[in-house]
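Work through the exercises below with the sequence and the model at hand. Each task is followed by a solution in steps.

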Amino acid sequence: MALVAGMRVGSRVLFRPWAWLPGAALGRKESAARGRVGARGFGSQRVLVEPDPAAGIAVMKLKSPPVNSLSLELLTEFVISLEKLENDKTFRGIILTSDCPGVFSAGLDLMEMCGKNPAHYAEYWKAVQELWLRLYLSNLVLIAAINGACPAGGCLISLTCDYRVLADNPKYVIGLNETLLGIVAPFWFKDTLVNTIGHRTSERALQLGILFPPAEALQVGMVDKVVPEDQVQSTALSVMAQWLSIPDHARQLTKNMMRKATADRLVKQRDSDIQNFVGFISRDSIQKSLQVYLGKLRQKKG
Ligand SMILES: CCCCCCCCCC/C=C\CC(=O)SCCNC(=O)CCNC(=O)[C@H](O)C(C)(C)COP(=O)(O)OP(=O)(O)OC[C@H]1O[C@@H](n2cnc3c(N)ncnc32)[C@H](O)[C@@H]1OP(=O)(O)O
(Lines give C-alpha, C1' and ligand atoms only; values in the text may rest on other atoms or scores of the structure.)
Protein backbone atom coordinates (compact mmCIF):
# COMPACT_ATOMS: atom_id res chain seq x y z
CA MET A 1 0.00 0.00 0.00
CA ALA A 2 1.33 3.44 -0.87
CA LEU A 3 2.51 5.42 2.12
CA VAL A 4 1.80 8.77 0.56
CA ALA A 5 -1.64 9.92 -0.41
CA GLY A 6 -2.76 13.24 -1.77
CA MET A 7 -5.81 15.33 -1.02
CA ARG A 8 -6.66 18.29 -3.19
CA VAL A 9 -7.54 21.44 -1.30
CA GLY A 10 -8.17 24.32 -3.65
CA SER A 11 -5.24 24.21 -6.00
CA ARG A 12 -2.86 22.34 -3.73
CA VAL A 13 -2.36 18.72 -2.91
CA LEU A 14 -1.76 18.03 0.74
CA PHE A 15 0.47 15.25 1.84
CA ARG A 16 -1.62 12.95 4.02
CA PRO A 17 0.68 10.28 5.41
CA TRP A 18 -2.11 8.92 7.57
CA ALA A 19 -4.48 8.44 4.67
CA TRP A 20 -3.79 4.73 4.57
CA LEU A 21 -4.57 4.26 8.27
CA PRO A 22 -7.84 2.65 9.39
CA GLY A 23 -10.49 5.35 9.76
CA ALA A 24 -8.86 7.63 7.24
CA ALA A 25 -12.04 7.64 5.21
CA LEU A 26 -13.94 9.18 8.13
CA GLY A 27 -14.91 12.83 8.04
CA ARG A 28 -12.66 15.22 9.93
CA LYS A 29 -15.09 15.75 12.84
CA GLU A 30 -15.93 12.07 13.28
CA SER A 31 -12.33 11.09 13.03
CA ALA A 32 -11.35 13.74 15.55
CA ALA A 33 -14.05 12.59 17.96
CA ARG A 34 -12.90 8.98 17.73
CA GLY A 35 -9.31 9.98 18.11
CA ARG A 36 -9.86 12.20 21.17
CA VAL A 37 -6.68 12.10 23.15
CA GLY A 38 -8.02 12.22 26.72
CA ALA A 39 -5.78 11.88 29.76
CA ARG A 40 -4.28 8.47 29.02
CA GLY A 41 -1.78 9.63 26.52
CA PHE A 42 -0.99 8.14 23.20
CA GLY A 43 1.90 7.94 20.96
CA SER A 44 3.62 5.87 18.42
CA GLN A 45 6.90 4.10 18.23
CA ARG A 46 8.84 7.32 17.62
CA VAL A 47 6.66 10.07 19.07
CA LEU A 48 5.58 9.93 22.68
CA VAL A 49 2.70 12.17 23.71
CA GLU A 50 2.07 12.92 27.38
CA PRO A 51 -1.19 14.86 27.62
CA ASP A 52 -2.26 17.03 30.55
CA PRO A 53 -5.88 17.76 29.59
CA ALA A 54 -6.53 19.75 32.77
CA ALA A 55 -3.79 22.18 31.79
CA GLY A 56 -4.74 22.02 28.09
CA ILE A 57 -1.24 21.02 27.07
CA ALA A 58 0.71 17.99 25.92
CA VAL A 59 4.40 17.19 26.03
CA MET A 60 5.53 15.63 22.77
CA LYS A 61 8.80 13.72 22.95
CA LEU A 62 10.71 12.60 19.90
CA LYS A 63 12.14 9.16 20.57
CA SER A 64 13.87 7.81 17.54
CA PRO A 65 17.26 6.75 18.91
CA PRO A 66 20.07 7.33 18.69
CA VAL A 67 19.72 10.93 17.44
CA ASN A 68 16.10 11.61 16.37
CA SER A 69 17.14 11.98 12.75
CA LEU A 70 14.04 12.85 10.76
CA SER A 71 13.35 9.64 8.87
CA LEU A 72 10.20 9.31 6.77
CA GLU A 73 8.72 7.22 9.58
CA LEU A 74 9.45 9.85 12.23
CA LEU A 75 8.08 12.64 10.03
CA THR A 76 4.91 10.63 9.43
CA GLU A 77 4.33 9.82 13.09
CA PHE A 78 5.10 13.42 14.06
CA VAL A 79 2.42 14.78 11.70
CA ILE A 80 -0.14 12.22 12.91
CA SER A 81 0.43 13.14 16.58
CA LEU A 82 0.29 16.82 15.79
CA GLU A 83 -2.98 16.42 13.91
CA LYS A 84 -4.54 14.47 16.78
CA LEU A 85 -3.73 17.26 19.22
CA GLU A 86 -4.81 19.98 16.78
CA ASN A 87 -8.18 18.27 16.33
CA ASP A 88 -8.85 17.91 20.04
CA LYS A 89 -10.22 21.16 21.44
CA THR A 90 -8.89 20.20 24.89
CA PHE A 91 -5.39 21.15 23.81
CA ARG A 92 -4.05 24.67 23.43
CA GLY A 93 -0.32 24.07 23.57
CA ILE A 94 2.46 21.57 22.99
CA ILE A 95 5.90 21.37 24.55
CA LEU A 96 8.18 19.74 22.03
CA THR A 97 11.25 17.97 23.38
CA SER A 98 13.47 14.93 22.96
CA ASP A 99 13.55 11.56 24.60
CA CYS A 100 17.08 10.89 23.24
CA PRO A 101 19.76 11.97 25.72
CA GLY A 102 21.97 14.77 24.44
CA VAL A 103 20.22 15.29 21.12
CA PHE A 104 17.08 17.26 20.32
CA SER A 105 17.20 16.16 16.68
CA ALA A 106 20.13 15.53 14.32
CA GLY A 107 18.03 17.00 11.51
CA LEU A 108 17.03 15.34 8.29
CA ASP A 109 17.94 11.70 8.07
CA LEU A 110 20.98 11.51 5.82
CA MET A 111 20.12 7.91 4.94
CA GLU A 112 16.88 9.17 3.34
CA MET A 113 18.92 11.44 1.09
CA CYS A 114 21.69 9.03 0.08
CA GLY A 115 21.63 6.32 -2.55
CA LYS A 116 17.87 6.32 -3.06
CA ASN A 117 15.80 6.84 -6.22
CA PRO A 118 14.09 10.10 -7.33
CA ALA A 119 10.63 8.84 -6.30
CA HIS A 120 11.91 8.25 -2.79
CA TYR A 121 13.54 11.68 -2.61
CA ALA A 122 10.27 13.28 -3.78
CA GLU A 123 8.22 11.39 -1.19
CA TYR A 124 10.68 12.28 1.53
CA TRP A 125 10.80 15.98 0.66
CA LYS A 126 7.02 16.21 0.53
CA ALA A 127 6.92 14.83 4.07
CA VAL A 128 9.51 17.39 5.22
CA GLN A 129 7.47 20.20 3.66
CA GLU A 130 4.28 18.91 5.27
CA LEU A 131 5.73 18.81 8.75
CA TRP A 132 7.12 22.33 8.39
CA LEU A 133 3.81 23.73 7.12
CA ARG A 134 1.84 22.11 9.92
CA LEU A 135 4.21 23.25 12.63
CA TYR A 136 4.71 26.74 11.25
CA LEU A 137 0.98 27.41 10.91
CA SER A 138 -0.13 25.50 13.99
CA ASN A 139 -2.92 27.17 15.97
CA LEU A 140 -1.47 25.67 19.14
CA VAL A 141 1.20 27.36 21.21
CA LEU A 142 4.41 25.46 20.47
CA ILE A 143 7.30 25.70 22.91
CA ALA A 144 10.57 23.93 22.12
CA ALA A 145 12.31 22.54 25.19
CA ILE A 146 15.68 21.94 23.55
CA ASN A 147 17.49 19.38 25.64
CA GLY A 148 20.27 18.45 23.24
CA ALA A 149 22.15 19.23 20.05
CA CYS A 150 19.93 20.88 17.48
CA PRO A 151 21.53 21.08 14.01
CA ALA A 152 19.93 21.68 10.58
CA GLY A 153 16.46 20.14 10.32
CA GLY A 154 16.35 19.90 14.12
CA CYS A 155 16.95 23.62 14.31
CA LEU A 156 14.28 24.20 11.66
CA ILE A 157 11.72 22.36 13.78
CA SER A 158 12.60 24.45 16.83
CA LEU A 159 12.36 27.63 14.74
CA THR A 160 8.75 26.83 13.86
CA CYS A 161 7.91 27.00 17.56
CA ASP A 162 6.65 30.16 19.25
CA TYR A 163 9.38 30.07 21.90
CA ARG A 164 12.65 28.19 22.41
CA VAL A 165 14.23 27.21 25.74
CA LEU A 166 17.73 25.75 25.39
CA ALA A 167 19.63 23.75 28.01
CA ASP A 168 22.92 25.37 28.98
CA ASN A 169 25.41 22.77 27.78
CA PRO A 170 28.24 23.65 25.37
CA LYS A 171 27.52 20.47 23.39
CA TYR A 172 23.98 21.62 22.67
CA VAL A 173 24.69 23.67 19.58
CA ILE A 174 21.94 24.99 17.34
CA GLY A 175 21.89 26.31 13.79
CA LEU A 176 21.41 25.64 10.10
CA ASN A 177 24.75 24.02 9.21
CA GLU A 178 23.76 22.77 5.74
CA THR A 179 26.73 24.40 3.96
CA LEU A 180 29.12 22.33 6.09
CA LEU A 181 27.62 19.26 4.42
CA GLY A 182 27.99 20.82 0.97
CA ILE A 183 24.23 21.31 0.66
CA VAL A 184 22.04 24.38 0.57
CA ALA A 185 19.23 25.29 2.96
CA PRO A 186 16.09 25.78 0.83
CA PHE A 187 14.41 29.19 0.74
CA TRP A 188 11.79 28.29 3.36
CA PHE A 189 14.47 27.18 5.84
CA LYS A 190 16.15 30.53 5.17
CA ASP A 191 12.89 32.46 5.52
CA THR A 192 12.16 30.79 8.86
CA LEU A 193 15.60 31.77 10.14
CA VAL A 194 15.39 35.35 8.82
CA ASN A 195 11.99 35.75 10.49
CA THR A 196 13.62 34.74 13.77
CA ILE A 197 17.06 36.37 13.84
CA GLY A 198 16.98 38.94 11.04
CA HIS A 199 18.60 39.17 7.64
CA ARG A 200 22.21 40.06 8.34
CA THR A 201 22.70 37.52 11.14
CA SER A 202 21.04 34.86 8.98
CA GLU A 203 23.28 35.66 6.04
CA ARG A 204 26.39 35.05 8.13
CA ALA A 205 24.96 32.06 9.99
CA LEU A 206 23.76 30.35 6.81
CA GLN A 207 26.84 30.90 4.67
CA LEU A 208 29.19 29.76 7.42
CA GLY A 209 26.85 27.00 8.62
CA ILE A 210 27.28 28.25 12.18
CA LEU A 211 26.22 25.98 15.02
CA PHE A 212 25.80 28.37 17.95
CA PRO A 213 26.57 27.30 21.51
CA PRO A 214 23.92 28.37 24.05
CA ALA A 215 25.22 31.84 25.06
CA GLU A 216 25.69 32.88 21.40
CA ALA A 217 22.38 31.34 20.37
CA LEU A 218 20.73 33.53 22.99
CA GLN A 219 22.66 36.58 21.91
CA VAL A 220 21.63 36.31 18.24
CA GLY A 221 18.02 35.45 19.15
CA MET A 222 18.12 31.89 17.87
CA VAL A 223 16.69 30.87 21.26
CA ASP A 224 14.68 32.91 23.75
CA LYS A 225 16.05 31.53 27.01
CA VAL A 226 19.01 29.47 28.18
CA VAL A 227 18.61 27.65 31.49
CA PRO A 228 20.38 24.89 33.42
CA GLU A 229 19.62 21.51 31.93
CA ASP A 230 17.44 20.37 34.82
CA GLN A 231 15.22 23.45 34.44
CA VAL A 232 14.37 23.17 30.74
CA GLN A 233 11.06 21.42 31.25
CA SER A 234 9.87 23.58 34.17
CA THR A 235 10.84 26.74 32.30
CA ALA A 236 8.96 25.58 29.22
CA LEU A 237 5.91 24.96 31.41
CA SER A 238 5.98 28.41 32.96
CA VAL A 239 6.51 30.07 29.57
CA MET A 240 3.55 28.04 28.29
CA ALA A 241 1.37 29.36 31.12
CA GLN A 242 2.21 32.90 30.07
CA TRP A 243 1.36 32.25 26.42
CA LEU A 244 -1.88 30.51 27.39
CA SER A 245 -2.97 33.53 29.39
CA ILE A 246 -3.64 35.25 26.05
CA PRO A 247 -7.08 34.60 24.48
CA ASP A 248 -6.60 31.94 21.79
CA HIS A 249 -8.46 33.68 18.99
CA ALA A 250 -6.43 36.89 19.28
CA ARG A 251 -3.12 35.06 19.57
CA GLN A 252 -3.92 32.68 16.71
CA LEU A 253 -4.98 35.45 14.32
CA THR A 254 -1.84 37.38 15.20
CA LYS A 255 0.38 34.33 14.65
CA ASN A 256 -1.28 33.70 11.32
CA MET A 257 -0.83 37.32 10.30
CA MET A 258 2.88 37.09 11.10
CA ARG A 259 3.52 33.75 9.39
CA LYS A 260 1.07 33.18 6.55
CA ALA A 261 3.00 35.00 3.84
CA THR A 262 6.10 32.91 4.56
CA ALA A 263 4.13 29.66 4.50
CA ASP A 264 2.24 30.68 1.35
CA ARG A 265 5.52 31.11 -0.47
CA LEU A 266 6.16 27.40 -0.12
CA VAL A 267 2.52 26.39 -0.63
CA LYS A 268 2.54 28.16 -4.00
CA GLN A 269 5.62 26.33 -5.20
CA ARG A 270 5.58 22.98 -3.45
CA ASP A 271 5.95 20.96 -6.61
CA SER A 272 8.83 22.98 -8.01
CA ASP A 273 10.50 22.91 -4.59
CA ILE A 274 10.27 19.10 -4.67
CA GLN A 275 11.70 19.01 -8.18
CA ASN A 276 14.55 21.30 -7.12
CA PHE A 277 15.32 19.07 -4.17
CA VAL A 278 15.23 15.87 -6.21
CA GLY A 279 17.45 17.36 -8.91
CA PHE A 280 19.90 18.76 -6.38
CA ILE A 281 20.16 15.74 -4.12
CA SER A 282 20.49 13.33 -7.05
CA ARG A 283 23.65 15.03 -8.33
CA ASP A 284 26.74 12.85 -8.09
CA SER A 285 28.70 15.67 -6.46
CA ILE A 286 26.06 16.13 -3.75
CA GLN A 287 25.79 12.40 -3.12
CA LYS A 288 29.56 12.31 -2.75
CA SER A 289 29.54 15.22 -0.26
CA LEU A 290 26.86 13.52 1.84
CA GLN A 291 28.75 10.22 1.82
CA VAL A 292 31.93 11.99 2.95
CA TYR A 293 30.00 13.72 5.74
CA LEU A 294 28.41 10.44 6.87
CA GLY A 295 31.84 8.82 6.81
CA LYS A 296 33.20 11.57 9.07
CA LEU A 297 30.30 11.13 11.48
CA ARG A 298 31.01 7.40 11.68
CA GLN A 299 34.80 7.89 11.99
CA LYS A 300 34.30 10.26 14.92
CA LYS A 301 33.55 7.21 17.04
CA GLY A 302 36.39 4.96 15.97
C1 LIG B 1 19.53 24.88 -5.36
C2 LIG B 1 18.91 24.64 -4.04
C3 LIG B 1 17.89 23.55 -4.07
C4 LIG B 1 17.47 23.13 -2.69
C5 LIG B 1 18.02 21.78 -2.39
C6 LIG B 1 17.83 21.37 -0.98
C7 LIG B 1 19.05 20.60 -0.47
C8 LIG B 1 18.84 19.80 0.76
C9 LIG B 1 18.53 20.56 1.95
C10 LIG B 1 18.63 19.68 3.15
C11 LIG B 1 18.19 20.37 4.30
C12 LIG B 1 18.47 20.02 5.58
C13 LIG B 1 19.63 19.26 5.94
C14 LIG B 1 19.67 18.42 7.16
O15 LIG B 1 18.96 18.47 8.13
S16 LIG B 1 20.92 17.33 6.93
C17 LIG B 1 21.31 16.72 8.50
C18 LIG B 1 22.34 17.60 9.12
N19 LIG B 1 22.66 17.09 10.42
C20 LIG B 1 23.85 17.19 10.95
O21 LIG B 1 24.76 17.74 10.40
C22 LIG B 1 24.02 16.52 12.28
C23 LIG B 1 24.88 15.31 12.17
N24 LIG B 1 25.01 14.63 13.45
C25 LIG B 1 25.77 15.08 14.46
O26 LIG B 1 26.39 16.11 14.41
C27 LIG B 1 25.80 14.23 15.67
O28 LIG B 1 25.30 12.95 15.34
C29 LIG B 1 24.99 14.79 16.86
C30 LIG B 1 23.55 15.11 16.46
C31 LIG B 1 25.68 16.02 17.44
C32 LIG B 1 24.95 13.70 17.98
O33 LIG B 1 26.26 13.28 18.29
P34 LIG B 1 26.50 11.90 19.05
O35 LIG B 1 27.96 11.82 19.31
O36 LIG B 1 25.57 11.79 20.17
O37 LIG B 1 26.03 10.78 18.01
P38 LIG B 1 26.83 10.23 16.74
O39 LIG B 1 27.77 9.15 17.18
O40 LIG B 1 27.40 11.34 15.95
O41 LIG B 1 25.65 9.60 15.88
C42 LIG B 1 25.04 8.36 16.24
C43 LIG B 1 24.64 7.66 14.95
O44 LIG B 1 23.66 8.45 14.28
C45 LIG B 1 24.11 8.74 12.94
N46 LIG B 1 23.61 10.05 12.55
C47 LIG B 1 23.88 11.22 13.11
N48 LIG B 1 23.22 12.22 12.50
C49 LIG B 1 22.52 11.65 11.50
C50 LIG B 1 21.62 12.16 10.50
N51 LIG B 1 21.31 13.46 10.40
N52 LIG B 1 21.08 11.28 9.65
C53 LIG B 1 21.36 9.97 9.72
N54 LIG B 1 22.21 9.42 10.65
C55 LIG B 1 22.77 10.26 11.53
C56 LIG B 1 25.62 8.67 13.05
O57 LIG B 1 26.19 8.45 11.78
C58 LIG B 1 25.80 7.51 13.99
O59 LIG B 1 25.56 6.32 13.22
P60 LIG B 1 26.38 4.99 13.49
O61 LIG B 1 26.04 4.59 14.90
O62 LIG B 1 27.84 5.33 13.31
O63 LIG B 1 25.88 4.04 12.46
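**Exercise 1.** In this predicted model, find how many bridges join strand E8 to E10, and in which direction the two strands run.

Solution. Take strand E8, residues 141-146, and look across to E10. The two are joined by 4 bridges and run parallel. As a check on the register, Ala-144 stands opposite Arg-164 in E10.

**Exercise 2.** Do the same for strand E10 and E12.

Solution. Strand E10 covers residues 163-167, and 3 bridges join it to E12. These strands run parallel. In this pairing, Val-165 stands opposite Lys-225 in E12.

**Exercise 3.** Place these strands in their sheet and state which strands stand at its edges.

Solution. Step one: write the strand order, which is E3-E4-E5-E6-E8-E10-E12. The sheet is open, has 7 strands and shows mixed pairing. Step two: look for strands with a single partner; these are E3 (42-43) and E12 (225-227). Each therefore has one side without a neighbour in the sheet.

**Exercise 4.** Sort the residues of E10 by the way they point, and decide whether they are buried or exposed.

Solution. Step one: recall that side chains in a regular strand alternate between the two faces of the sheet. Step two: apply this to E10, where Tyr-163, Val-165 and Ala-167 point one way, and Arg-164 and Leu-166 point the other way. Step three: assign burial, taking 20 or more other C-beta atoms within 10 Å as the cut-off for a buried residue. By this test 5 of the 5 residues of E10 are buried, so the strand is largely enclosed by the rest of the structure. For the protein chain, buried residues make up 40% of the 302 residues.

**Exercise 5.** Describe how helix H3 and helix H10 pack.

Solution. Step one: locate H3 at residues 118-136 and H10 at residues 270-281. Step two: take the geometry; the axes are 9 Å apart, at an angle of about 130°. Step three: classify the angle. Values over 145 degrees count as roughly antiparallel and 65 to 115 as roughly perpendicular, and H3 and H10 are therefore oblique to each other. Their crossing is right-handed. Step four: list the contact residues. H3 contributes Pro-118, Tyr-121, Ala-122, Trp-125, Lys-126 and Gln-129. H10 contributes Arg-270, Asp-273, Ile-274, Phe-277, Val-278 and Ile-281. Step five: sort this contact by class, which gives 8 nonpolar, 1 polar and 3 charged residues.

Technical notes:
Residues numbered from 1 in each chain as written. Predicted model: local features only at pLDDT ≥ 70, side-chain atom pairs only at ≥ 80, totals over all residues. Buried ≥ 20, exposed ≤ 12 C-beta atoms within 10 Å, placed from the backbone. Pairing = 2+ DSSP bridges. Axes fitted to C-alpha atoms, helices over the stretch in contact; angles between N-to-C directions. Parallel < 35°, antiparallel > 145°, perpendicular 65-115°, else oblique. Left-handed = near helix turned anticlockwise from the far one by under 90°. Contact = placed C-beta atoms within 7 Å. Nonpolar A, V, L, I, M, F, W, Y, C, P; charged D, E, K, R; others polar.
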